[in-house]
Amino acid sequence: MSNQIIKEKVKFKYLILFILLGMTLLFLSTKITLIASGYALEKKICLDAFVLSNDIKFNIERLTDPEGILNIVRFEGWAFNSNYKPDTERHVSLILKSNNIVYELPTIVGSRPDVPKAFVELNLQPHDLGFSGEFSIIAIEDGAYELYIKVWETGEEATLKSTDRYFEISRDQFKEVKR
């Protein structure tokens, strides 16, 4: 073989290697970006039915449209279980459930002095009643989802309630739909 043919074969091998490397980075770049930005979500398989509670009181006051390159949705509201014990640490998360797939959306809890005023009979303390958070819709598999709210106290079992809100999610859309 001539040197020219050998050089062309080497160039071709490097071109194939470069294309494969580029495709791999393109495939993994979304995952890498989500992990690096803190927006990665764990997709969980859920074969069990949720145990729901009517003791949860909540209001989701803000749920934005996706914004920015990562299609970030922001949300905030308040929630509590009417059976809470006073002076306990409370937690809230939102759950997106589609058939057997579940994504848990973490929140930051905060004080909501307005909520105890609306539920005087429950003698609530304002700390840990409010929540806010954000997530990237590109971290979620395309599909139809029902939104649940999950509340719990430290050391106690979590309770869930459907918000009766449903969403169609794809890489570029987060749309509430009727059921």
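Here are four short exercises on the predicted model shown above, each with a worked solution.

**Exercise 1. Take stock of the chain**

Find out how many helices and strands the chain has, and in what order they run.

*Solution.* Begin by counting: the chain holds two helices and ten strands. Next, walk along from the N terminus, and you meet the elements as α-β-β-β-β-β-β-α-β-β-β-β. Now look at burial: 37% of the 179 residues count as buried. Finally, turn to the outside, where the accessible surface is about 11,300 Å² and carbon and sulfur atoms account for 56% of that.

**Exercise 2. Put the sheet in order**

Work out the order of the strands in the open sheet of six strands, and say which ones are the edge strands.

*Solution.* Reading across the sheet gives E1-E5-E4-E8-E9-E10, with antiparallel pairing. An edge strand pairs on one side only, and here that description fits E1 (44–45) and E10. Let's look at the E1 end in detail. E1 pairs with E5 (residues 101–105) through two bridges, in the antiparallel sense. In one of the pairs, isoleucine 45 has isoleucine 101 of E5 as its bridge partner.

**Exercise 3. Follow two hairpins**

Trace the chain from E8 through E9 to E10, and describe what links these strands.

*Solution.* Start with E8 (residues 143–153), which pairs with E9 (residues 159–170) in the antiparallel sense over nine bridges. As an example, isoleucine 149 has lysine 161 in E9 as its bridge partner. The two strands form a hairpin with five residues between them, and glycine 155 in the turn has a positive phi of about 85°.

Now carry on to E10 (residues 173–177), which runs antiparallel to E9 and is joined to E9 by five bridges. Here tyrosine 166 has valine 177 in E10 as its bridge partner. E9 and E10 also form a hairpin, with two residues between them.

While you trace these strands, keep a general rule in mind: in a regular strand, side chains alternate between the two faces of the sheet.

**Exercise 4. Explain a place in a patch**

Leucine 15 belongs to a nonpolar patch on the surface. Why can leucine 15 be counted in such a patch, given its relative accessible area?

*Solution.* First, locate the residue: leucine 15 sits in helix H1 (residues 3–37). Second, recall the cut-off: patch residues need over 30% relative accessible area. Third, compare: leucine 15 is partly exposed at 44%, so it passes that cut-off. Last, name its companions: Phe12, Ile16, Phe18, Ile19 and Leu20 complete the patch, which together with Leu15 has about 610 Å² of accessible area.

Terms used:
Residues numbered from 1 in each chain as written. Predicted model: local features only at pLDDT ≥ 70, side-chain atom pairs only at ≥ 80, totals over all residues. Heavy atoms only, no water. Pairing = 2+ DSSP bridges. Helix = DSSP H or I, 4+ residues; strand = E, 2+ residues; numbered from the N terminus. Patch = residues over 30% accessible without salt bridge, like charges linked within 9 Å, V, L, I, M, F, W, Y side chains within 5 Å. Areas by Shrake-Rupley, 256 points an atom, 1.4 Å probe, with all protein chains shown as cover. Salt bridge = Lys/Arg side-chain N within 4 Å of Asp/Glu carboxyl O. Buried < 20%, exposed > 50% of the residue type's maximum accessible area, 1.4 Å probe, protein only.
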